[in-house]
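Me: I am new to this structure and would like to go through it slowly, one question at a time. Please reason through each reply before you settle on the value or name.

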Amino acid sequence: MYASFKSIGAYIPPKSLTNKDLEEIVDTSDEWIKQRTGIENRFLATDEQSTSDLAYEAAKVAIERSGLKKEEIDAIICATITPDYFCMPSTACVVADKLGIKNITAFDISAACSGFVYGLNIARAFVESGLKRNVLIIGAEKMSSIVDYTDRTTCVLFGDGAGAAVIGTTDKKEEAILDVHTSSDGEYQDFLITPGGGSKYPCSQDVIDKHMQYLKMKGNETFKLAVNTLTKDVTRILEKNGLTSDDIDYFIPHQANFRIIDAVGRKLKFPEEKIVLTVARYGNTSAASIPMAINDWYESGKLKTGDLMLLDTFGGGLTWGSALVHFNQKSS
Ligand code: ACO
């Protein structure tokens, strides 16, 4: 029995925030943002929407497209660094309640931008071990809740959104998730960090005054590590599975920065038409970025059942990963 990627869904929040809008908020320019990141726009949730609301909308679409009844889902894994609640309940439990699904395994994982690929690996292990049959994985973020809109080095990068997929079973290798690899290196924990509000620096007036509850990033150092690590990781997963870039239908990387995607894509000799790019429209939506990109390609009619996707990701922790996945959605 193999694990199989049975469906995709996404939710794009209603408020658009353009580079021109950001020029009014911080000392930046449309030109700088486009040149350094490729980002032109991002979408933000409303004040009333929390991460579980975005996740719920994406999950509904993914379940419907999987052709399964919601009662057939036996686990929900939500990857997020912006949970509804700081400690508990998990966002996955809140989403299960919104979906009307009871008595199943539901939990969150924290692997920053790599969360969806980490979730995919856990879902695959659940399904292939026979422990679960249909696992709903979600990547959902309200990044605007941890972004400091006085810090121009980070606030131009991030957007909100959600994506979801159902991982089920198949007995055919050509419909299967072929491989998933995840990794980390805590030595670089301070490259991407929300320093305050946890047990190290619990919430206090001092934490708030110093803006320590917000995301901080060593952008340039992260950039260099991302390009090298991703190139090695993707090369490794292709070699391990006896594949080359010619065998891949779509390369779907985490959408953090056009320059990172371009550098990795060139090193791996992917032609432009095989590289999925959504960073211009959505910015970096952390754990939601890969499923949102898959959904865009599916809804635009480019991604077809049977296509082999190569996913890659890099994020806070530091964490990274890659995956070789057949898209196996049978109904629309
Ligand atoms: N507008 C104008 N100028 C700016 C802005 C801005 N928004 N932000 C920074 N600058 C300035 C800096 O102050 C600096 O000025 P200086 O030279 O006078 O000091 C200059 O631009 C260059 O800054 P760098 O940080 O060196 O710029 P860089 O080319 O590295 O681009 C960026 C910054 C876009 C953040 C890039 O480093 C990057 O994409 N890093 C990787 C991000 C990533 O992949 N993160 C992982 C996933 S995220 C997650 O897990 C949650």
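Me: At about what angle does helix α11 run to β1?
Reply: In this predicted model, helix α11 covers residues 289–299 and lies across two strands, β1 and β7. Taken against β1, the direction of α11 is at about 85°.

Me: Which strands are at the edges of the open sheet?
Reply: Five strands make up this open sheet, with mixed pairing and the order β1-β7-β6-β4-β5. Neighbouring strands are turned against each other by 20° on average, direction ignored. An edge strand pairs on one side only, and this holds for β1 (2–11) and β5 (105–109).

Me: In β5, which residue is the bridge partner of Ala75?
Reply: Strand β4 takes in residues 75–79 and pairs with β5 in the parallel sense, over five bridges. Within that pairing, Ala75 has as its partner in β5 the residue Thr105.

Me: Which helix gives the largest share of the largest nonpolar core?
Reply: The largest nonpolar core has 34 residues, and those with the most contacts inside it include Leu120, Ile137 and Ile167. Ile137 in turn touches Phe116, Leu120 and Ala123, among others. The largest share of the core, six residues, comes from residues 115–129, which are helix α5.

Me: To which strand does α5 run at about 170°?
Reply: Helix α5 lies across β1, β4, β5, β6 and β7, where β6 is residues 135–141 and β7 is residues 161–170. Among these strands, the one to which α5 runs at about 170° is β6.

Definitions and conventions
Residues are numbered from 1 along each chain as its sequence is written. This is a predicted model: local features need pLDDT of at least 70, side-chain atom pairs count only at pLDDT 80 or more; totals for chains, interfaces and linings use all residues. Side-chain values use heavy atoms; hydrogens and water are left out. A nonpolar core is a set of buried Ala, Val, Leu, Ile, Met, Phe, Trp, Tyr and Cys residues joined through side-chain atoms within 4.5 Å. Buried means under 20% relative accessible area, exposed over 50%, partly exposed in between (1.4 Å probe, protein chains only). Helices (H or I, at least four residues) and strands (E, at least two) are DSSP runs, numbered from the N terminus. Contact means heavy atoms within 4.5 Å. Two strands pair if DSSP finds at least two bridges between them. Axes are lines fitted to C-alpha atoms, for helices over the stretch in contact, and angles run from 0 to 180 degrees between N-to-C directions. Lists of a residue's contacts leave out its neighbours within four places in sequence.
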